[in-house]
Amino acid sequence: MAVVLIRLRWAIRRRTISSGFQVRGVWVLAALFGLGAAVLSAALVSFARGDGAAVMGLLYESLLFSILAGWVLIPLSIPSLQDQIVDPSRLETYPMSTTQKVVGLGVGALLSPTALFAFLAALGPVASAGLPVVGRLLTPVLAVLFAAACVLVSRVIQAIFAGAIAGRRGRDLSVLLAGTLGLGFYAVMQALPYLVPADGAAPTVSPVVTSLVGWLPGASVGRAMVEMQGGALIPAIGWVGVSALWVVALAAAWVWAMSRAERGAGRGADRSARRARAGLALPPLVLRGVRSPQVLAAASQHLRYMRRHPRLLQATGMGLALGAFVSHSFVGSDWLATGAAFSAAYMAIMIGGGMFNFDGQGIAYLHVAGSGLKDALAAKQAVVIGFAITLGTVFAVAEAAWRDQWRNLLAALLFVVGMALWTVAASVLMSTRYAFDADRSSANRYSAMGPSFAVLGWVIVGMGVVALLYGLAGMWVPRWVGGLVFVAIAGLLHRLSLRRCESVLERTPELITDKVPAPA
């Protein structure tokens, strides 16, 4: 049965690859990024000899662990990117054991562009200078173990969260854990410059810490390669065994998490449904002034999704927690606006990348009630803009107080408003043209990956415009003048984009209704 499941997943994968240029482009991008990571890995391992062994070895192990950590953080911070080609919850009635499901789903998940990236990144040292023949022969084995560890750790996290989010408390806990993981990973990345001095000397951390890094999942593969580069074959084989044990342990954890979710499926949902029937959910206070009943209903519904829908809740939590900490890196001695603008853009991306993706059957209810998708889009994008501006404002005030940059606060607030409008201008286009059901597997999910990178590129361009206007305005006029110019530009682009999308939805609502909910 596990073989049948593997063949099923591969058949679905082949069909999606041949379904369009965008899906094939994802594979090409994964291969290109994987080759780039492979070149970096080969360079680090090549120099992990002699005096540079400690520094280069630590950097290589940290690189592999960072890639593996991305497999944990990306599904948590961007839940819409979770792989659901074969939804485990749909296999509960199939005549197969949990172990067979894990084997089938795990091996099938290795046939994915993200797994290809991980495999190529770990395969790079095969071309390293000075690596013994035995090391070159063992490198493909280590690459497979690394890719398997990446796949398994991601599936374990998703399986644990799938069981946790059945109830309200579990959903809140999942958001807290997601934020903790994200902040912890960010803190480690911020600390790396202090661990490895610029003069190339040995790391300033204690030998205990450097030795513990190798025991982390993924990093053990790097430790094996470093040992083989140094000619220590026996320790290298031992680290290969450690990497294999990590794969076995993660597979066992996935079996446990999946079996636990199958035993307890539906309990939390039943309790939530009973609580929902106990009282009437009225529009929140912030929306009481909205006059249009259609806009009010759609905005209230989207706010409810942000509190109740598991994946949008995760995205909101990560946008609040991780966005503020990452944006802190953009604030220099006199650049408050750049950090504040990025915090607004980060939140807008997290909760506005697919505004219709979380509606599911709610799209059908909108049609039954006679409400058009035009009003729904207007309401959803207004909610996204409101949250983005709120986070950016709080961030700007906090940073101004922390760094004593009150003189730049007005300009920062204007750039926050402008960046929220700038980002949502692209998000509404993506939400209209490339909608998909976040709760179910469909080919539309992969067609949205290319536009997602386009939105990121649009945000990068916007940050460049912010930096340019902020810097130039400070030379001749007050910086808030630059903020006003950016608000005017972003507001015009946002208005044009929104009107265009509303017109498209009025003419062809099938762009949304044929994709959300996804066909069974």
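This is a short chat about a surface patch, a serine and the cysteines in a predicted model.

Reader: Before we start, what should I know about the numbering and the model?
Author: Residues are numbered from 1 along each chain as its sequence is written, and side-chain values use heavy atoms, without hydrogens or water. The model is predicted, so to speak with its own limits: local features need pLDDT of at least 70, side-chain atom pairs count only at pLDDT 80 or more, and totals for chains, interfaces and linings use all residues.

Reader: OK, which residues make the nonpolar surface patch?
Author: Val28, Leu29, Leu32, Phe33, Leu35, Phe453 and Leu456 make it, at about 680 Å². Patch residues have over 30% relative accessible area and no salt bridge (a side-chain nitrogen of Lys or Arg within 4 Å of a carboxyl oxygen of Asp or Glu). Nonpolar side chains (Val, Leu, Ile, Met, Phe, Trp, Tyr) are joined within 5 Å, like charges within 9 Å. Areas come from the Shrake-Rupley method with a 1.4 Å probe, and for residues only the protein chains shown count as cover.

Reader: Which elements give two or more residues to it?
Author: Helix 2 (21-46) and helix 19 (449-476); helices are DSSP runs of H or I, at least four residues, numbered from the N terminus. Helix 2 has the largest share, five residues.

Reader: Switching topic: is serine 154 buried or exposed?
Author: Buried, at 2% relative accessibility (buried is under 20%, exposed over 50%, partly exposed in between). Serine 154 is in helix 6 (residues 133-164).

Reader: What lies 3.3 Å from a polar atom of its side chain?
Author: The backbone oxygen of tryptophan 71.

Reader: And how many disulfides?
Author: Zero, counting cysteine sulfur pairs within 2.5 Å. Cysteine 150 is buried at 0%, and cysteine 501 is buried at 2%.

Terms used. Buried < 20%, exposed > 50% of the residue type's maximum accessible area, 1.4 Å probe, protein only. Polar contact = N/O pair within 3.5 Å; in protein donor to acceptor, adjacent residues only side chain to side chain.
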